[in-house]
Amino acid sequence: MVHNPEQDFVLKTVESRDVHFVRFWFTDVLGTMKSFAVVPGELESAFEDGMGFDASCIEGFSPAQESDMLAFPDPSTFQVLPWRPQANAVARMICGIFTPEGDPYEGDPRHVLERMVRKAADAGYSFIVGPELEYFYFKDAHGTEVLDHGSYFDLTSLDSASDLRRDTVLTLEKMGIPVEYSHHEKGPSQHEIDLRYADALSMADAVMTYKQVVKEIAMKHGVYASFMPKPLADAPGNGMHVHQSLMDLDGNNVFFDADDPSGYNLSATAKSYIAGLLKYAPEYTLVMNQYVNSYKRLRPGGEAPTCISWGARNRSTLVRIPGYRPDSESACRVELRSPDPAANPYLAFAVMLAAGLAGIEEGLELMPAADEAAPLGCSRHEHRARGVETLPESLGEAVELFAKSRLMRETLGEHIHDYLVRTKRAEWEAYQGIVTPWELERNLAVL
């Protein structure tokens, strides 16, 4: 007997909307969507007892001898999939993964973020994020033939993917995910859809849904969408800039201070938060940029950051203070510019929150702003010679900095931390000497 109103809503909707299958979604450690389908007659049992599955084949989950896991659907995430037929419809719910003993599974990325969100709440904060995800459309999954040669904000026949973006936005809205902007990005056939800010857990769920929707709509139109960080050598890479702020439990933005003597309208809390993002950036970069290809985007000469710095006007900094409405409390936020859209959003949001909270807890002082851009093409060696720290230059460097990080181990738990060290170290070692076409083929297929 279902007593939870959300569960009751799901069961009634399944019946009224002719839903014949409900897909249970969850992610592996690397952020790849996983799913299995449940028939309506099993939903009440799934809400009460979970659905068992073999986790031994899920990337980063349990070995074969400890493979029995339970997926518990979150009824608040129930949505009918708009791209599937409405007769004999298909819906989805996002799941938390638990052990047979009823404990949250330490390898479940969603639980990692839930744990960090609770820590923030215990400190009196709600973590609000608004990511900007970029991606490319290609003719197919076997190469990088673009659909157009448009550029930033183009509104001409050059932007042949307007219909794809429109269909994607409409589909997202049908799934209860509000969108702020959609536009052509700087690169040929490169696009961006910005999701309206929300609490971190809801947003991580939305990001996973967004990526799935982009790919489904692209496939419907006979093309391929890729979130690979740097698929084209002569074009900008794909970023996932994450705007973020902390609210107190009354809904006030604790980052805003109209009396800030530095003129940025940032509170002392915001400055310590930014200082935490900067201090721990070398340690969390592996989570934000988890592929060999990610570091082809983080190169000098473009807008992707290489320096560990912050500012307002300078878009090459790691952390930027958006200045669209400088006197608005609701608009006050910081933007982390290093993540790419191939990151697992649950882990990415968790570690950036952990770094910011550590900055607050440690009372870190914020370094001076770098509002003048570094010389174009300035190398990491030249930055360091000027006394400016830089992000890791390669996946290999990022792995070793991550491996030594106590904060990352505490935030992610030993299981996920050690898995990432082991697998990403092996990936970096395997990459050495491998030619670019192999990398391209592999990453296009995955991302």
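## A buried aspartate

Asp205 is buried, at 7% relative accessible area. The model is predicted. Asp205 forms a salt bridge with Arg110, and their closest N and O atoms are 2.7 Å apart. This pair links distant parts of the chain. Asp205 sits in helix H5 (residues 200-220) and Arg110 in helix H3, 95 residues apart.

Is Arg110 buried or exposed? Arg110 has 5% relative accessibility, so this residue counts as buried.

## A second partner for Arg110

Arg110 also meets Glu114 in a salt bridge, with an N to O distance of 3.8 Å. Both residues lie in helix H3 (residues 109-122). They are 4 residues apart, about one turn of the helix. Glu114 is buried, as is Arg110.

Which residues share a network of salt bridges with Arg110? They are Asp74, Glu114 and Asp205.

## A pair in helix H4

Asp163 and Arg166 form another salt bridge, their closest N and O atoms being 3.5 Å apart. Both residues lie in helix H4 (residues 162-174). The spacing is 3 residues, about one turn of the helix.

Why does Asp163 count as partly exposed? Its relative accessibility is 41%, and partly exposed covers values between the 20% limit for buried and the 50% limit for exposed. Arg166 is partly exposed too, with a relative accessible area of 47%.

## Whole structure

How many salt bridges does a search of the whole structure find? The search finds 16. Among them are Asp205 with Arg110, Arg110 with Glu114, and Asp163 with Arg166.

How values were computed: Residues are numbered from 1 along each chain as its sequence is written. This is a predicted model: local features need pLDDT of at least 70, side-chain atom pairs count only at pLDDT 80 or more; totals for chains, interfaces and linings use all residues. Side-chain values use heavy atoms; hydrogens and water are left out. A salt bridge is a side-chain nitrogen of Lys or Arg within 4 Å of a carboxyl oxygen of Asp or Glu. Helices (H or I, at least four residues) and strands (E, at least two) are DSSP runs, numbered from the N terminus. Buried means under 20% relative accessible area, exposed over 50%, partly exposed in between (1.4 Å probe, protein chains only).
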